[in-house]
Amino acid sequence: QLLGVARMIHYPSVYQAFYVLFSQLIIKNPAKLARMKPQDQSKFSECVLFALKHADAKVARTGLNALRAMTLAIVRSGTSSSSSSSSPSADNVRKLDGMQRYLFKMLLQDSLAKELVDPIADALFPLIVASPNTLNDVARTTIGTVAP
């Protein structure tokens, strides 16, 4: 674990500062994120997922900001690459799909803190742009579970 969860779980302000810094690093250097090894990008994704699951809404909100920054960096790296493709790599799309599904799951929870709705929407928009088919799949699945 990047942050030593067992010791640090009681210090949400440390997490919050970490994710603010994390977001700023991504915003300032999106090309570096795009050039990272897949396993290092996965560690970034794991950090973001940890923040989203955190009980403190402030930590979750900063994690959502980091996710939005990371998604925008990945989308922009796909559209600015020298290849003829104008979309993120298949591996990045899979990671973004998982995040998109998780955010929709968060939105559907009754226990979601109201202050997280807007940051979730802000993080979802670039995820939907990066992978619109996931939105269609989530919608079909959700409708299928509530339809008679």
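This passage looks at how some of the helices pack together and at a cavity inside the structure. The model is a predicted one, and residues are counted from 1 along the chain.

Two packed helices can be described with just a couple of values, the angle between their axes and the distance between those axes. Take helix 2, which covers residues 12-28, and helix 4, which covers residues 38-53. Their axes lie 11 Å apart and meet at an angle of about 135 degrees, and that makes helix 2 oblique to helix 4. The crossing of this pair is left-handed. On the helix 2 side, the contact comes from Y15, F18, Y19, F22 and I26. Helix 4 answers with F44, C47, V48, F50 and A51. Sorted by class, the residues where helix 2 touches helix 4 come out as ten nonpolar, with no polar and no charged ones.

Next comes helix 6, residues 90-107, which packs with helix 7 and with helix 8. With helix 7 (residues 117-130), the angle is about 140 degrees and the axes sit 10 Å apart. Helix 6 and helix 7 cross in a left-handed way. Helix 6 brings L96, M99, Q100, L103, F104, M106 and L107 to this contact, while helix 7 brings I120, A123, L124, L127, I128 and A130. In the contact between helix 6 and helix 7, twelve residues are nonpolar, one is polar and none is charged.

The pairing of helix 6 with helix 8 (residues 132-146) has an angle of about 40 degrees, with the axes 10 Å apart. Here the crossing is right-handed. D97, Q100, R101 and F104 are the helix 6 residues involved, and they touch T134, L135, D137 and V138 of helix 8. This contact of helix 6 with helix 8 is a mix: three nonpolar residues, two polar and three charged. Q100 and F104 turn up in the helix 6 contact with helix 7 and also in the one with helix 8.

Now for the empty space. Searching the whole structure turns up one cavity of 30 Å³ or more, and the volume of the largest cavity is about 50 Å³. Its lining is made of L33, Q41, F44, S45, M70, I74, K95 and L96. Helix 4, helix 5 (57-79) and helix 6 are the elements that each give two or more residues to that lining. Helix 4 gives the most, with three residues. By class, the lining of the largest cavity has five nonpolar residues, two polar and one charged. Some of these names have come up before: F44 also belongs to the contact of helix 4 with helix 2, and L96 to the contact of helix 6 with helix 7.

How values were computed
This is a predicted model: local features need pLDDT of at least 70, side-chain atom pairs count only at pLDDT 80 or more; totals for chains, interfaces and linings use all residues. Side-chain values use heavy atoms; hydrogens and water are left out. Axes are lines fitted to C-alpha atoms, for helices over the stretch in contact, and angles run from 0 to 180 degrees between N-to-C directions. Helices (H or I, at least four residues) and strands (E, at least two) are DSSP runs, numbered from the N terminus. Angles under 35 degrees count as roughly parallel, over 145 as roughly antiparallel, 65 to 115 as roughly perpendicular and the rest as oblique. A crossing is left-handed if the near helix is turned anticlockwise from the far one by less than a right angle, and right-handed if clockwise. Contact means heavy atoms within 4.5 Å. Ala, Val, Leu, Ile, Met, Phe, Trp, Tyr, Cys and Pro count as nonpolar, Asp, Glu, Lys and Arg as charged, and the others, Gly among them, as polar. On a 1 Å grid over the protein atoms alone, a cavity is a set of points where a 1.4 Å probe fits but cannot get out, and a pocket is an open set with protein on both sides within 12 Å along at least five of seven lines; lining residues have an atom within 4 Å of a point. Grid points are joined across faces, edges and corners, and a volume is the space filled by probe spheres set on the points.
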